[in-house]
Amino acid sequence: MPEPSARSSDATAPTERTPVARALLVCSGGGHLKQLSILAQRIGIPNDEQLWVTFDTGLSRSLLADREVIYARYAAPRDGVNIVRNAIQARKVLKGQSFDLAISTGASLAVSYLPLAARRGISSHYIESAARAAGPSVTGKIIARDRKVQTYTQYPAWSSDRWKYRGSIFDQYAAGDDIPDRPITRVVVTVGTTESYGFTRLFDSIVPLLSGREVLWQTGTTDMTPYGVTGRTTVPHAELDAAVAEADVVIAHAGTGAALTAIEHGKCPILVPRLSEHGEHIDDHQIQIAGELARRGLAISAAPDQIDEELLRAAARRTNRPETEPPRFVLDGPALDPVRV
């Protein structure tokens, strides 16, 4: 593991000081991290009152560069051994520091941290990922058994007394006006950093199509040797942001993090869901993400073999824009500071 930054703490080594953070923000990487960073703003938590626990990735080091961070062990979906190891870490963190709030958007780190936080009297909240349009994830179902943890869905269709609806991460964006056709010379391809899954189906289709163009290839664990292009496992968030801002088209797996990065820069991404039947993810939740964003007019959902020149031109014409005033995300539970939360 790389050496922690000046604002971070190693997953196992004790810190020399015990900072007091008002909010403990716990999540896995990728879309979980991207969502929680935005929701923390909508909840109203100042940056200097946030302490984060997440995985050590390029995204977390870039996005949380000015925050206090503790890095947890990477736990793949349903990785029981490292979930337990992170729960041991959680006991140390919760014993040594003081919090008013604990919030998570999943995945496995929520199981390690939130029940323990709730039992220490910390107001604890689980916000199900926007990836889950039809019902809670396995993590969500586990957390929902603990009545001390407040739970929220980002979809009104499956809200209930147990699962409150307070809005969606996608509420702060809307489809913009189309722009005139232009040459497509710069493309960003990004498939996230999930360590256990490649995405050869996508690259089989788009590498020939994008030949001759300037492409940033963020390829995760996929072996790009057969394709004759230079892929990068990870790309620092700031670099990826800049490349997306300059791109004519963004093609991405249908992860919330990749989708949000494109949408934030006014792009209408082409989202390609990973499918479990091809060994590309543990389940098919990315179909739900792509479908919801397509329904809102914020993205184009496509299978790899549907991506052609016509689809590239359609994506290049479409734009997105931020809503002027994103709705506030209101937490339930014990009384919270009305100014800050």
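**Exercise 1. Into which domains is the chain divided?**

Solution. The structure is a predicted model. Its chain is divided into domain 1, covering 23-169, and domain 2, covering 174-322. Taken over C-alpha atoms, the centres of domain 1 and domain 2 are separated by 26 Å.

**Exercise 2. Describe the interface of domain 1 and domain 2 by its contacts and its buried area.**

Solution. Begin with the contacts: 23 residues of domain 1 are in contact with 18 residues of domain 2. Next, take the area: about 1,600 Å² is buried between the two domains, and 60% of it lies on carbon and sulfur atoms. Finally, identify the residues of domain 1 that lose the most area to domain 2: these are Lys34, Tyr74 and Ala131, which together account for 30% of what that side buries.

**Exercise 3. Establish which polar interactions cross the interface, and which elements of domain 1 take part in it.**

Solution. The salt bridges come first: 2 are found across the interface of domain 1 and domain 2. To test the pair Glu264 and Lys34, compare the separation of their closest N and O atoms, 3.1 Å, with the cut-off of 4 Å for a salt bridge. The pair forms a salt bridge. Polar contacts between domain 1 and domain 2 comprise 6 residue pairs, with both residues at pLDDT 80 or more.

Turn now to the secondary structure. Helix 1 (31-43) and helix 2 (58-63) are the elements that give two or more residues to the side of domain 1 that touches domain 2. The largest share of that side, 5 residues, comes from helix 1. By class, the side of domain 1 that touches domain 2 holds 12 nonpolar, 8 polar and 3 charged residues.

**Exercise 4. Classify the ring pair of Phe55 and Tyr74, and locate both residues in the chain.**

Solution. A search of the whole structure yields 6 aromatic pairs. The rings of Phe55 and Tyr74 have centres 5.2 Å apart and planes at 65 degrees, so this pair is edge-to-face; the class requires planes over 60 degrees apart. Phe55 lies in the loop between strand 3 (50-54) and helix 2, while Tyr74 lies in the loop between strand 4 (68-71) and helix 3 (80-96). The pair thus links distant parts of the chain, 19 residues apart.

**Exercise 5. Is the peptide bond from Gly106 to Ala107 cis or trans, and where does Ala107 lie?**

Solution. Inspect omega: the value is near 0 degrees, and the bond from Gly106 to Ala107 is cis. Ala107 is placed in the loop between strand 5 (101-104) and helix 4 (108-119).

Methods:
Residues numbered from 1 in each chain as written. Predicted model: local features only at pLDDT ≥ 70, side-chain atom pairs only at ≥ 80, totals over all residues. Heavy atoms only, no water. Domains from an automatic or database assignment. Contact = heavy atoms within 4.5 Å. Buried area = accessible area lost by both parts, 1.4 Å probe. Salt bridge = Lys/Arg side-chain N within 4 Å of Asp/Glu carboxyl O. Polar contact = N/O pair within 3.5 Å; in protein donor to acceptor, adjacent residues only side chain to side chain. Helix = DSSP H or I, 4+ residues; strand = E, 2+ residues; numbered from the N terminus. Nonpolar A, V, L, I, M, F, W, Y, C, P; charged D, E, K, R; others polar. Phe/Tyr/Trp six-rings, centres within 6.5 Å; stacked < 30°, edge-to-face > 60°.
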